Amino acid sequence: MRTLAVVGGGVIGLAVAWHAAEVGWSVTLLDPAVAAGASWIAGGMLAPLSEGWPGEDRVLAFGAASLARWPRFAARLEAATGVGVFVADQTMTVALDQADVADLHTVADWVTERGHQVRLLDRAAVRELEPTLSRTVRAALFAPTEPAIDNRKLMVALRSAAQAAGVVVRARTVHSLTELDHDQIVLATGAASAKLWPELPIRPIKGEILRLRQRPGVAPAPRRVVRARVHGRPLYLVPRPDGIVVGATHYEAGFDATVTVAGVRDLISDAETVLPGIGEYELTEASAGFRPGSPDNLPVIGRLTDRIVAATGHGRNGMLTVPITADAVVGALGGKALPDADVADPQRFSTIAGDIR
Ligand SMILES: Cc1cc2nc3c(=O)[nH]c(=O)nc-3n(C[C@H](O)[C@H](O)[C@H](O)COP(=O)(O)OP(=O)(O)OC[C@H]3O[C@@H](n4cnc5c(N)ncnc54)[C@H](O)[C@@H]3O)c2cc1C
């Protein structure tokens, strides 16, 4: 049996390890803190259409290709573990002023021209679907096929599916890939990837996020994902069975994971603009994580050498793009490229190729 080391046990490493074990690899996953990185912090939106913007054709196509794989991925996971991970079926991006309305028209036209299903809702239609939203909401872009998942349930389920498929999990920091004598290695260390492969153009993009619990008697959370731009800052509310996840700030500040007063203040105040009842919720957690950012907002998936495959750089979309990543990496390990993942080929960055270190 061929041996595979997966370095990094976030959503990407766990899904790759699970899929690889299922097709016959003898897999060891190495991570000092499995499931404690960005994947534990995330919101869980699967929103390639709502995040679309003219010019980002490759990002849209890659995200949409992964979204199409999500139902099967989730069904396999549920069959393996009994855990269902979806928490919402649809996404609504709301407009608070005339400039937002114009932007929503731009996105709607661009996305529908590319064959995807979104539509604009007027004020009355928004209120009918989500009556607890602010009366200042003027319109919305409605994405009826964009769901959300509970990232923490996903992480627990992936670990259990991976271990049930035979993956051995070791609590270990890898300091150099030369330590590993496996036949193949997958590098899935998220925002820290450049520490093990310095030519990778991956940088940490900090995001702060809040978790709120609904108190008895308080207005219920929206049933859909609600996205907005408030004072120029992106905001989203992602439902959970017991409340809402409110995200997220965006800074380039190295690996400083401090949760700042200003970050929490802005998130609460922006959320209140969209959902006035939110002040009655219990604030249960404020945390920060590092999106593994790449220069072109696409991940880096594919061969670095004949023994090392990269699976990193998923930026703000690692939850969305986990199914396509796992398929692409298992394909690369077996010598079969996945055409849908060509846009993520590491060789698009001329600096990347190198020797094992
Ligand atoms: C605030 C926030 C909100 C987000 N919301 C969404 C969202 O709604 N939808 C979406 O699709 N994406 C979202 N994301 C992005 C998503 O979380 C990431 O793209 C994804 O989690 C990246 O997964 P990963 O496995 O590459 O990294 P991580 O989850 O960070 O995992 C990397 C792992 O590598 C390990 N590691 C690092 N160095 C080493 C080493 N030397 N040796 C061994 N192990 C090592 C770490 O311990 C860690 O467990 C969000 C991110 C943030 C921060």
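In this predicted model, a backbone N or O atom of Met319 sits 2.9 Å from an oxygen atom of the ligand. Two further backbone contacts involve ligand oxygen. A polar backbone atom of Gly315 is 2.7 Å from an oxygen atom of the ligand. For Ala38, the distance from a polar backbone atom to a ligand oxygen is 3.0 Å. On its own, the ligand exposes 1,000 Å². The protein buries 93% of that area.

Three elements each give two or more residues to the shell around the ligand. They are helix H1 (11-22), helix H2 (38-41) and strand S14 (282-293). S14 gives the most, with 4 residues. The shell holds 40 residues around the ligand. Those that come nearest are Asp31, Ser39, Met45, Gly315 and Arg316. Gly315 thus appears both in this nearest group and in a backbone contact with ligand oxygen. By residue class, the shell divides into 20 nonpolar, 16 polar and 4 charged residues.

Helix packing was examined next. Two packed helices are described by the angle between their axes and the distance between the axes. H1, which also gives residues to the ligand shell, packs with helix H9 (residues 322-333). The angle between H1 and H9 is about 50 degrees, and their axes are 9 Å apart. An angle that is neither under 35 degrees, nor over 145, nor 65 to 115 counts as oblique. H1 and H9 are therefore oblique to each other. The crossing of H1 and H9 is right-handed.

Terms used:
Residues numbered from 1 in each chain as written. Predicted model: local features only at pLDDT ≥ 70, side-chain atom pairs only at ≥ 80, totals over all residues. Heavy atoms only, no water. Near = heavy atom within 4 Å. Polar contact = N/O pair within 3.5 Å; in protein donor to acceptor, adjacent residues only side chain to side chain. Areas by Shrake-Rupley, 256 points an atom, 1.4 Å probe, with all protein chains shown as cover. Nonpolar A, V, L, I, M, F, W, Y, C, P; charged D, E, K, R; others polar. Axes fitted to C-alpha atoms, helices over the stretch in contact; angles between N-to-C directions. Left-handed = near helix turned anticlockwise from the far one by under 90°.
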